[in-house]
Amino acid sequence: MITEVLTANQLKKEAPVFGQLSFDNHEQVVFCQDKDTGLKAIIGVHNTILGPALGGTRMYDYATEWDALNDVLRLSRGMTYKAAITGLNLGGGKAVIIGDPKKIKTPELMKRFGKFVHTLGGKYYTAEDVGMETSDMDTVREVTPYVTGISEANGGAGNPSPVTAYGVYMGMKASAKFAYGDDALEGKRVLVQGIGHVGEELVRLASEEGANVIISDINEERLAAVSKKYGVDIYRGDDLYAETADIYAPCALGATVNDDTINKLNVKIIAGAANNQLANENVHGALLQKKGIIYAPDFLINAGGIINVYAEIEKYGREQITTKTENIYNTTLDILNKAEVTGVTTNAAAISIAEDRIATRKKEL
Ligand code: NAD
């Protein structure tokens with residue numbers, strides 16, 4: 001493989017696109033720019049063997065364009081595995097819009113982005129992600145049908161975040177069952193990092209079950225509001241990663257399990273909503289395994305959102321959304337057991353199941 005024979009510097013010069021690890025056999029990457037609205041976006045279509053690529057649009061003020069490209073590629077690959085392991089007939093894709101949503105997001109920019117999505121003719125369906133609201137998807141819907149996560153008033157399945165949180169909660173309980181022999185969260189110390197759309201709902205579910213929830217966020221107003229609403233403590237130490245707890249739930253951004261944090265982590269379970277929690281899935285997945293920390297693969301347990309938006313395409317209702325999301329509990333337990341029996345990391349066990357499903361489908365095509 002090209003990445004094994006070239007050094008990082010050679011790779012940048014000689015194989016800056018297809019040779020990058022994150023490119024990982026993407027079918028198509030589309031760069032979109034519009035001067036009038038200031039739109040700069042990248043759409044990654046990783047794999048469409050199981051169906052059209054579906055994945056949200058993230059709007060973020062990336063430090064460099066390279067960061068944006070790397071993010072979209074990693075995220076769209078993750079969507080391929082998420083759909084495959086959840087049993088959905090969907091491929092993996094994702095989009096990023098470069099810029100601070102509070103500063104440059106306008107209906108005109110969202111419509112221009114929607115028109116770019118439309119040019120892909122249904123190969124890619126978008127949805128909301130960080131920096132997006134359901135109302136933004138309604139705006140995109142004005143120019144293309146290839147969008148999900150639109151409001152219930154406009155015929156959609158509504159905000160996916162509560163369903164995502166419910167799936168994470170299922171994955172967390174299954175991990176507790178695996179670790180402690182009992183899935184009850186009562187009395188368990190749970191650190192929730194990021195109390196946005198998903199994190200807050202996870203705080204509600206875990207605290208209502210009697211977990212000892214501690215919250216952390218960079219937004220002080222939200223911290224105060226969520227702490228008051230659910231009677232949970234705010235983390236006031238100077239290093240969340242060194243905190244002793246039963247469960248760490250990353251619900252902000254990805255790559256929080258990295259070279260800096262891995263040696264400090266003092267938890268039994270990692271189960272959260274953020275995508276790509278492992279900075280390097282091969283290195284950090286193996287180190288977690290070595291430390292005896294149970295890692296519930298992110299793309300498996302945060303699939304509630306995609307289950308919710310898939311309902312819009314397949315026209316199924318709330319009951320089926322709930323059943324499919326609850327099934328994350330069983331899939332998580334199966335994967336944790338499979339990883340233990342085979343000695344591979346939980347992430348690798350989940351990826352191999354997803355890849356098997358894609359390979360089987362490929363043979364049928
Ligand atoms: P959000 O933007 O609503 O919330 C993120 C929260 O994290 C915000 O409150 C923000 O202030 C906080 N935050 C940012 N940086 C932080 C830091 N360094 N430390 C602590 N807190 C920080 O996003 P969301 O929709 O709740 O999604 C959370 C994560 O879950 C994202 O990684 C997203 O990709 C992933 N995810 C979301 C869904 C969904 O349905 N919304 C589905 C799958 C995966």
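These are my notes on the ligand site and one sheet of a predicted model.

**Setup.** The model is predicted, so I kept local features only at pLDDT of at least 70 and side-chain atom pairs only at pLDDT 80 or more, while totals for chains, interfaces and linings use all residues. Numbering starts from 1 along each chain as its sequence is written, and side-chain values use heavy atoms, with hydrogens and water left out.

**Ligand shell.** I looked up who sits around the ligand, counting a residue if one of its heavy atoms lies within 4 Å. There are 22 residues, and Thr164, His197, Val198, Asp217 and Ala252 come nearest. The shell splits into nine nonpolar, nine polar (Gly goes here) and four charged residues. Domain 1 (26-154) and domain 2 (161-295) each supply at least three residues; the bounds come from an automatic or database domain assignment.

**Polar contacts.** I took pairs of N or O atoms within 3.5 Å. A polar side-chain atom of Thr164 is 2.6 Å from a ligand oxygen. For Ser161, a side-chain N or O atom lies 3.1 Å from a ligand nitrogen. Ala273 uses a polar backbone atom, 3.3 Å from a ligand oxygen.

**Burial.** The ligand alone exposes 830 Å², of which the protein buries 81% (Shrake-Rupley, 1.4 Å probe).

**Sheet.** I then traced an open sheet of six strands, S9-S8-S7-S10-S11-S12, with parallel pairing. Strands are DSSP E runs of at least two residues, and a pair needs at least two bridges. S9 (233-234) and S12 (294-295) are at the edges with a single partner strand each, so one side of each has no neighbour in the sheet. S7 (189-193) and S10 (244-250) are joined by four bridges, and Val192 stands opposite Ala249 in S10.

How values were computed
A polar contact is a pair of N or O atoms within 3.5 Å; within protein, one must be able to donate a hydrogen and the other to accept it, and residues adjacent in sequence count only if both atoms are side-chain atoms.
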